[in-house]
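Here is a short note for someone opening this entry for the first time. The points can be read in order, with the structure at hand.

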Amino acid sequence: MKYKLRYLLVALLLCGFANAYSSKSDSIRFSLLTCAPGSEIYAHFGHTAIRYENYTRKVDLVFNYGMFNFREPHFVWRFVKGETDYQLGITPYIYFKAEYAMRGSSVYQQVLNLTQAEKEKLLDLLETNYRPANRVYRYNYFYDNCTTRARDKIEEAIGGEVVYPDSIAGKTFRSIVHEFTSEAKWDELGIDMCLGAEADVEIGKRLQMFAPFYMLHYADDAYILGANGDKRPLVLEKTKIVDVEPEPFEPGFPLSPMACGILFLVICLVMGWIQWKKRRIWWGWDLCLLLLQGLAGCLVAFLFFFSVHPTVGSNWLLWLFNPLPLFYLPFLVWHEKKGRKDPYHVINVVYLTLFIVIFPICGQEFNLTVLPLALGLLMNSVSRVLVWKKKV
């Protein structure tokens, strides 16, 4: 009887240890969260985060690599230079969920198919990354952002290789950006003005994953290839954990960029015709155009020469928008005061004609709004040349 009780006690202890181990194995769950785009320019492309659940400890947290502070000193200046610092933040899931629900952004959850060892390693990686000395990183919107950081940490924790499905052909950085800015044409124009020819080179699946919903797509059908050749899906299940109707897009300026570009071209044609008809040059109009062209050129030139943002250093738009008109303004005024023929517009006719010719063949996809802007500036210079010929 004594031996039977002893065996029973040992059996109960073994069962208890087994249950405890099983509970520990099943108590942790990691998920990839993908948030739908929002109306703000920084939210147009959606967002990615990692959810950590520990049922035993009643922990439900979101590790978020997209935290930044608008109130940091010189934030706008650093952003333009490409020196924006983001950081890893931790948010209780209940707050994270409520925030995106209030924004009108749905959230998709992909539960990751990780082993216990992989879960523990991922948790250790994230906790280490959250230490004050490690949590801040230099943000790069194509190569190192909230999505790529989450992907890289997950891959680092996995004891094997993550194999993704074949790349979607024909995708570039710019084409993917356009998919998410189709309803925000002014934002799209601003982004297009900054991006150069490098943004129009076809990219593979690895680079396409800078966009959260492309990461979602590739993770859906990815699998983990173990060292022993075993395969298992990366994602166990996908659910929509925040299901809300997106907030209606609120248009800002009533006219589209193209409409404004065409209006600018029409105004330049009308102004040129009136000046030709009256044989009189309104140099104040020239002054205004050169000032606006030069100011826009300052931004493009700064990005081209000084910013560390990706793809901005190959921007052919520098041909059209550069600071040179600002430097020429004093000479323009001087020539007008002296009543002398100004050589600037003869040179500009040739220069802008060349730009329009290379427009479709330079390897960079320009926003079509650029065409009426370039034609408007060209027509202004043509009208000036014609007025001088008519005066002679």
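Where does Thr181 lie? The points below begin with that residue; the model is a predicted one.

1. Thr181 is in the loop that runs between α6 and α7, the latter covering residues 185-194. Its relative accessibility is 0%, and since buried means under 20%, Thr181 counts as buried although it is a loop residue. The side chain of Thr181 is joined to that of Glu188 by a polar contact of 2.8 Å. With neighbours within four places in sequence left aside, the residues in contact with Thr181 are His44, Phe45, Glu188 and Ile191. Glu188 therefore appears both as the polar partner and in the contact list, where contact means heavy atoms within 4.5 Å.

2. The largest nonpolar core has 45 residues, and within it Phe30 and Leu234 touch the most other members. At least two residues of this core come from each of β1 (28-35), β2 (47-54), β3 (59-67), β4 (85-92), α4, α5 (146-157), α6 (173-180) and α9 (212-220). Apart from neighbours within four places in sequence, Leu234 has contacts with Val111, Leu112, Asn113, Ile158, Val162, Ala219, Ala222, Tyr223 and Ile224. There is also a second, separate core of 20 residues, with Ala301, Leu352, Leu377 and Leu378 among them.

3. Helix α4 covers residues 116-129. Its 14 residues, at 1.5 Å a residue, should span 20 Å, and the C-alpha atoms at its ends are 20 Å apart, so the two values agree. The buried residues of α4 include Leu122, Leu123, Leu125 and Leu126, and also Gln116, Glu118, Lys119 and Asn129.

4. Two residues of helix α13 (residues 344-358) can be set side by side: His345 and Leu354. Is His345 buried or exposed? Its relative accessible area is 3%, so His345 is buried. Leu354, at 47%, is partly exposed, because that class lies between 20% and 50%. The side chain of His345 makes a polar contact of 3.0 Å with the side chain of Ser381. Not counting residues up to four places away in sequence, His345 touches Asp286, Leu332, Asn380, Ser381, Arg384 and Val385. For Leu354, one distance is worth recording: Phe68 is 286 residues away in sequence and 43 Å away in space, C-alpha to C-alpha.

5. Val242 belongs to strand β10 (residues 235-242). With a relative accessible area of 4%, Val242 is buried. Residues up to four places away in sequence not being counted, Val242 touches Lys97, Ala101, Ser105, Ser106 and Val107. Ile281 is 39 residues from Val242 in sequence, and their C-alpha atoms are 62 Å apart in space.

6. How many aromatic pairs does a search of the whole structure find? The search finds 23. One aromatic cluster is formed by Tyr141, Phe142, Tyr143, Phe173 and Phe210.

7. Two arginines sit over tyrosine rings. Arg103 lies over the face of Tyr100, 4.6 Å from the ring centre. For Arg135, the charged end is over the ring of Tyr130, at 4.0 Å from its centre.

Note on methods:
Residues numbered from 1 in each chain as written. Predicted model: local features only at pLDDT ≥ 70, side-chain atom pairs only at ≥ 80, totals over all residues. Heavy atoms only, no water. Helix = DSSP H or I, 4+ residues; strand = E, 2+ residues; numbered from the N terminus. Buried < 20%, exposed > 50% of the residue type's maximum accessible area, 1.4 Å probe, protein only. Polar contact = N/O pair within 3.5 Å; in protein donor to acceptor, adjacent residues only side chain to side chain. Phe/Tyr/Trp six-rings, centres within 6.5 Å; stacked < 30°, edge-to-face > 60°. Lys NZ or Arg CZ within 6 Å of the ring centre and 35° of its normal. Expected span 1.5 Å × (residues − 1). Core = buried A, V, L, I, M, F, W, Y, C linked by side-chain atoms within 4.5 Å.
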